[in-house]
Structures are given as C-alpha cells and as structure tokens.
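Colleague: Got a minute? I'd like to walk through this one with you.
Modeller: Sure. Put it up and ask away.

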Amino acid sequence: MNEPSNIDSTILKENSKKDEHTNGIQKESEEVNDIEKIRNKIKPSSFGLKPKNSSVCIDSDKWYLTLQESSKKLLTNPPSIKDGIPLHIEQELRYLGCELIQTLTILLKMPQTAAATGQILYQRFYYQKSFAKYFFEYAVMACVFLASKIEESPRRCREVINTFDRMQKRHSLKNTPEAFNEIPPIDLDEAYVHLKNNVIKIERQILKTLGFVVYVNHPHKWIYVFAHALKQTDNVELIGKAWSYMNDGLRTDIFLRYQPNTIACACLYLASKTLTIPISLPKKPRPWYEIFNVYEKDVVDISKILFSMYKRHKSVDWIKLRSYVKKISPKNMPSTATADRCDFT
C-alpha cells in the first residue's frame, strides 16, 4: 500500500517542479519583455554619433552645374527665363553685373581675389534666383560687400554704396558737358538708409540661397603650377596673357561649368596661341593638358566661350538694362522717390 502512495507523491513533486519551471520561464520572458519595453523608451546617447548637419555639402564643387543632369538644365533655362526675361538679356545682365563688380573692387582698392569671389557669387546667385525678383544693382553691391569679408579685405557697407553711387553718376554723365564736373557724395538721408537696408537684405538672401557655401576655389594658382611643369615660368608674356584670359572669363559662367585646373589649361592654351611669337606646347606622346586630367573638348569649349565674349561689338547699356528690368518687375525695384533721390534713374 505504501508503494502507490510513494509513486503518487513523486509524480506530484515532478509535476510541481515542472509547473515551477514553466512559471519561471514565463516570469523570465515577462521580465525580458518589460526590460525591452523600458529600453525602447530610453533614447540612445548622441555621443560618438555624426551630427545631423554632417550630410550638408559644404564643398564648392556642389556649384559646378555640369556635374548633375538636374543642374545642367539651369545653364540653358535659368530662373529668369520663367519671369519673361529672354536668355540674351539674362546673359547681358550677368555680364553687366560682373563688369560692375570688377570696376567697383578696383575703385575700392580691393585685391583681385575679392573681385573674382564677388563675380562668382553673383553668377551662383542668379542661377538660383531671378533677375526679375532681385534687383541686380543691389546684388552687385552685396556681392562686393560679402566678398570683402570672405577675402579678408573688409570694406564698410557705406564705402561700397558711396563708391557705387559715384560710379553710377559718372556713367550717367558720360558724353555730356557735365562729365568732368565734381560729383557730390550721396546724401545720408532716408533714401540712403533704404538703399543700405536693401543691400544688407540681398546679402542675407545670397547667403541663404547659397547655403552659406561661399568658398571659391580660384584657378589662378594653377596657371603658375602648370607653367612650372611646362618649364615656362620665365615666359612672362605667356603667364600674363593666361592670367588676363582668366580674369576676363569671370564675366562668363565658365567658373560654374568647369573645374579650376580645366580653366587654367584652357587659358594657357589660348595664351600660347596669341603671343606675339606663338609657341607650341608639347603634344607628344599626348597633349600636355591630358597630363593634368583635362580633355581637349573642354579646352576647346572654354576657348569658344571666351572668344564669343571678345566678339562683342557693343558694350552693355547699363541704363537700358536697368529700365528693362524695372519694367519687368516694378514691385522689386526701388521706388520712384527713392530712385530719384539716389540718382539711380
């Protein structure tokens, strides 16, 4: 009689152990689930992780419009076209703006690097915005003002405005009996304050549009590097002509189309062909510019762009272009009272 009872007790003990084991497993799984829920609520530390803005491209290469198919369309269809400005007028406004920036920096006794930076910023800005929405004269002054700070040759906003005003008055009096008269400085009145505020607003808009990517990789240094590689450092005329071609090219958009080394090679190529006594740069075993990872097609295209610029028979008419832009978008132009008092009409 004792044996069955012992068997039953052992069975009960085994069953209880199994129940305890299963209960233990369930409790462990519940604890694990609770721990996972708590972990999911805890936000991981940002220590050692990349900041959120690390994906922002701050390289100047992002402004080469020929690198992507989407940006290539801007070269033939810039934003101003949508606002009714024909392509040839748009190109004239680009040329005029760059010409004004170059002259303004010379009058302000700023280095050529500042002039180049200002012109490239001007070109970049108007491939993102329209001439009909942002008055080009304000942009000219803003680009010079911004370039002076970028290239560490700062000029006060008042100096930029005064110099531009004097330059504009000289231009309006050109070929008139009053051309050699003394030009009075701009009055520090309400019109001046309005003008200064507009220049500062455009400067901020340029920075916002460009994403504060205002670094410019100037190709001027490559001219001397390549001339040294070609053993032409003693050829002052060659380097001088190439340098001049590059500065003149700032009036075009080649700096938004090609890399600096490509532009430098094209300028040296043109200079070698237009010297007083033309020289022949190495072509064997292959053309010299291919050593610098530059292709013949790009050199020829840049040469054509520069030659087309030199074929201009007439200078850009500043007054006509200004009146044209004013008619296209009068809302964004200076008011009549302000324009008259600033002598901009």
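Colleague: Where is Asn-261 found?
Modeller: In helix 11. Keep in mind that this is a predicted model.

Colleague: Is Asn-261 buried or exposed?
Modeller: Buried. Its relative accessibility is 18%, and the cut-off for buried is under 20%.

Colleague: What does Asn-261 touch?
Modeller: Leaving out residues up to four places away in sequence, Asn-261 touches Trp-222, Phe-226, Phe-292, Asn-293 and Val-294.

Colleague: Let's follow Asn-293, then. Where is Asn-293 found?
Modeller: In the loop between helix 11 and helix 12. Asn-293 is exposed, at 57% relative accessible area.

Colleague: What about the phi of Asn-293?
Modeller: Positive, about 60 degrees, although Asn-293 is not a glycine. Most residues other than glycine have a negative phi.

Colleague: Which other residue has a positive phi although it is not a glycine?
Modeller: Lys-109 is one, with a phi of about 55 degrees. Lys-109 sits in the loop between helix 4 and helix 5. Lys-109 is exposed too, with a relative accessible area of 71%.

Colleague: Back to the loop between helix 11 and helix 12. Which proline is found there?
Modeller: Pro-285. The peptide bond leading into Pro-285 from Lys-284 is cis, with omega near 0 degrees. Most peptide bonds are trans.

Colleague: You mentioned Phe-226 earlier. How far is Phe-226 from Ile-239?
Modeller: The two are 10.0 Å apart in space, C-alpha to C-alpha. In sequence they are 13 residues apart.

Colleague: And where is Ile-239 found?
Modeller: In helix 10, residues 236-249. Ile-239 is buried, at 16% relative accessibility.

Colleague: What is Ile-239 in contact with?
Modeller: Setting aside neighbours within four places in sequence, Ile-239 contacts Ile-223, Tyr-224, Ala-227, Gln-232 and Thr-233.

Colleague: Zooming out. How many helices and strands are there in the chain?
Modeller: The chain has 14 helices and 0 strands.

Colleague: How much of the chain is buried?
Modeller: Buried residues are 42% of the 345 in the chain.

Colleague: And the contacts? What share join residues at least 24 apart?
Modeller: 76%, counting contacts between residues at least 6 apart in sequence.

Colleague: What about the largest nonpolar core? How many residues has it?
Modeller: 86 residues. Tyr-122 and Phe-136 have the most contacts inside that core. Helix 6 gives the largest share, 10 residues.

Colleague: Where does this core lie, and why?
Modeller: Between domain 1 (61-216) and domain 2 (219-311), because both give residues to this core.

Colleague: Which residues is Tyr-122 in contact with?
Modeller: Leaving aside neighbours within four places in sequence, its contacts include Leu-93, Ile-101, Phe-131, Phe-136 and Val-140. Two cysteines, Cys-98 and Cys-143, are also among them.

Colleague: Cysteines! How many disulfides are there in the whole structure?
Modeller: 0 disulfides turn up in the search.

Colleague: Why no bond for Cys-143?
Modeller: The closest cysteine sulfur, in Cys-98, is 8.6 Å from the sulfur of Cys-143, so it is too far for a bond. A disulfide needs the two sulfur atoms within 2.5 Å.

Colleague: Is Cys-143 buried or exposed?
Modeller: Buried, with a relative accessible area of 0%.

Colleague: And Cys-267? How far away is the nearest cysteine sulfur?
Modeller: 9.4 Å, in Cys-265, and Cys-267 is in no disulfide. Cys-267 counts as buried, also at 0% relative accessibility.

Colleague: New topic: helix 13. Which residues of helix 13 are buried?
Modeller: Trp-318, Leu-321, Arg-322 and Val-325. Down the helix axis, the buried residues fall within an arc of 100 degrees, so they line one face of helix 13.

Colleague: What covers the buried residues of helix 13?
Modeller: The cover includes helix 4 (87-107), helix 6 (136-150) and helix 7 (157-172).

Colleague: Which exposed residues does the face turned away from the buried side carry?
Modeller: Lys-320 and Lys-327.

Colleague: Last one. What does Asp-317 do at the start of helix 13?
Modeller: A side-chain oxygen of Asp-317 comes to within 3.2 Å of the backbone nitrogen of Ile-319.

Notes
Residues numbered from 1 in each chain as written. Predicted model: local features only at pLDDT ≥ 70, side-chain atom pairs only at ≥ 80, totals over all residues. Heavy atoms only, no water. Buried < 20%, exposed > 50% of the residue type's maximum accessible area, 1.4 Å probe, protein only. Helix = DSSP H or I, 4+ residues; strand = E, 2+ residues; numbered from the N terminus. Arc of directions from axis to C-beta. Contact = heavy atoms within 4.5 Å. Polar contact = N/O pair within 3.5 Å; in protein donor to acceptor, adjacent residues only side chain to side chain. Core = buried A, V, L, I, M, F, W, Y, C linked by side-chain atoms within 4.5 Å. Domains from an automatic or database assignment.
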